[in-house]
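User: I'm new to this one. Could you take a close look at the salt bridges and walk me through them?

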Amino acid sequence: MPNANPKQKIIWAFRRDSDFARATSLPPVGSRQGARLLQWLDHSGLALQFHNCIETSAAEKCLSDAWRDTLMGRTRRNAARLEDMLEEFRRLNDAFRARGIVALTLKGLSLVPDFCADPSLRHQTDFDFLVNPSDIDAAAEALRSRGYSTPKLSYSGESFFSTPLHHVPSRTDDLYAIQHHRQVDLHVSLTESSHWLQLDFPAGGETAAVPMNISGISFYGLPLETRFLTQVLHAFRHSFRSWLRLSWLLEIGHCMDLHHEDDAVWARLLEEAGNTLLIKRIFAFILTLTHRLFGSLIPNRLANWAAEGMTPTILVWLEHFSEGWALADWPGSLSNLFLSSDFIADSRLRSEYLKSRLIPKQERLSIETRNANDMERPFLWQIQRWKYVVHRAGVHLGDVVRFPLTQWRWQRALVSARTELHQAHS
């Protein structure tokens, strides 16, 4: 990979056949290109994992001192952030337990060690808990006792709780600093449906509470197969909005590698996932993308089942567009719009989805405003909010301008694939 760009070289470091010497030619960390690469590492969730890869492989000399010092600083700050979040996690679980509520931890700390060997290698922003719908009021009261509030309590979907905002957020905030305010997402279902995608699968795993422990903190999580299912659906849901954190795919790949030979886990997963074409298609997309980027091996039983959902257009997209889309800077790329018909059968819903991606509503471009009316926000917050809106709008406009060229490349790839298929059958 002599002509690979810096992002590709970093991705290559995570593969089982990695060559860390390729990381020697990263742009200087103080240069404009180096700063953009570092920002991409932060947004993708790979900065901490990349530093760990370099340090644990005795390949320290592959990076310049400036790069090593910069990544080490992130690792140290995140360690302090993690300790702070662990204490809050303990207090939240104690608050639920004191009220007799069985709150299952989703994602986050429940992914250790099956998806991520060490919690210090993850950058976490909030806490997600799954509770029985009948416990919503009691769970809300437990959160209020810890200083959280919500603008709207939902008995059928997610409820978003947060502590008071005393810091004006901006794009330049340090992602690894100790949190200025906290957020808890309270769920009553594992299903992450959207207006365009209605996912339906057996709900047996939702009531299965598995005792877990991290850093001496006891809590409840989900069975491994259910955690894997929710991680795949979570990754796909975000990808359908245009972008996903590559660390999520890396963690899915780690779980497949770690439990590759545990056929019983994958058998239970397939039973829980159901047999719809949509769910198979989602798995085919996410798992193949994970394999292409990180070289993770898909367990045979899982691969054969997911292959039933693969389509010719998804195959063409994965071959010609997946890497460029996955390595795009946040907030992502529009190229996955070409797959909309593979996942949204209803033409009316598909049109609404395409419109929402090409002409996003203002709230899709703005800093999170879940917990208060904009008019009640401080003036400085309003300034930062509009700076953020302008930045997002500018990036999106650039994607829209480039989209016709991307569409032309897509049509050429489809024609080429059809020609190759025709020749193979001639």
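Analyst: Here is a walk through the salt bridges, one pair at a time. A quick note on the basis: this is a predicted model, where local features need pLDDT of at least 70, side-chain atom pairs count only at pLDDT 80 or more, and totals for chains, interfaces and linings use all residues. Residues are numbered from 1 along each chain as its sequence is written, and side-chain values use heavy atoms, with hydrogens and water left out.

Searching the whole structure turns up 20 salt bridges (a side-chain nitrogen of Lys or Arg within 4 Å of a carboxyl oxygen of Asp or Glu). Take D42 and R74: their closest N and O atoms are 2.9 Å apart. D42 sits in helix α2 (residues 32-44) and R74 in helix α4 (residues 65-98), so this pair links distant parts of the chain, 32 residues apart (helices, H or I, of at least four residues and strands, E, of at least two are DSSP runs, numbered from the N terminus). Both D42 and R74 are buried (under 20% relative accessible area; exposed is over 50%, partly exposed in between, with a 1.4 Å probe and protein chains only).

Next, K107 and D128 meet at 3.7 Å, N to O. K107 is in the loop between β1 (104-106) and β2 (127-130), while D128 is in strand β2, so the pair ties together parts 21 residues apart in sequence. D128 counts as buried because its relative accessibility is 5%.

Then there's R301 with D263, at 2.9 Å, N to O. R301 belongs to helix α10 (residues 300-307) and D263 to helix α8 (residues 263-273), so parts 38 residues apart in sequence get tied together. R301 has 38% relative accessibility, so it counts as partly exposed. Finally, D84, E88, R91 and R182 are joined into one network by salt bridges that share partners.
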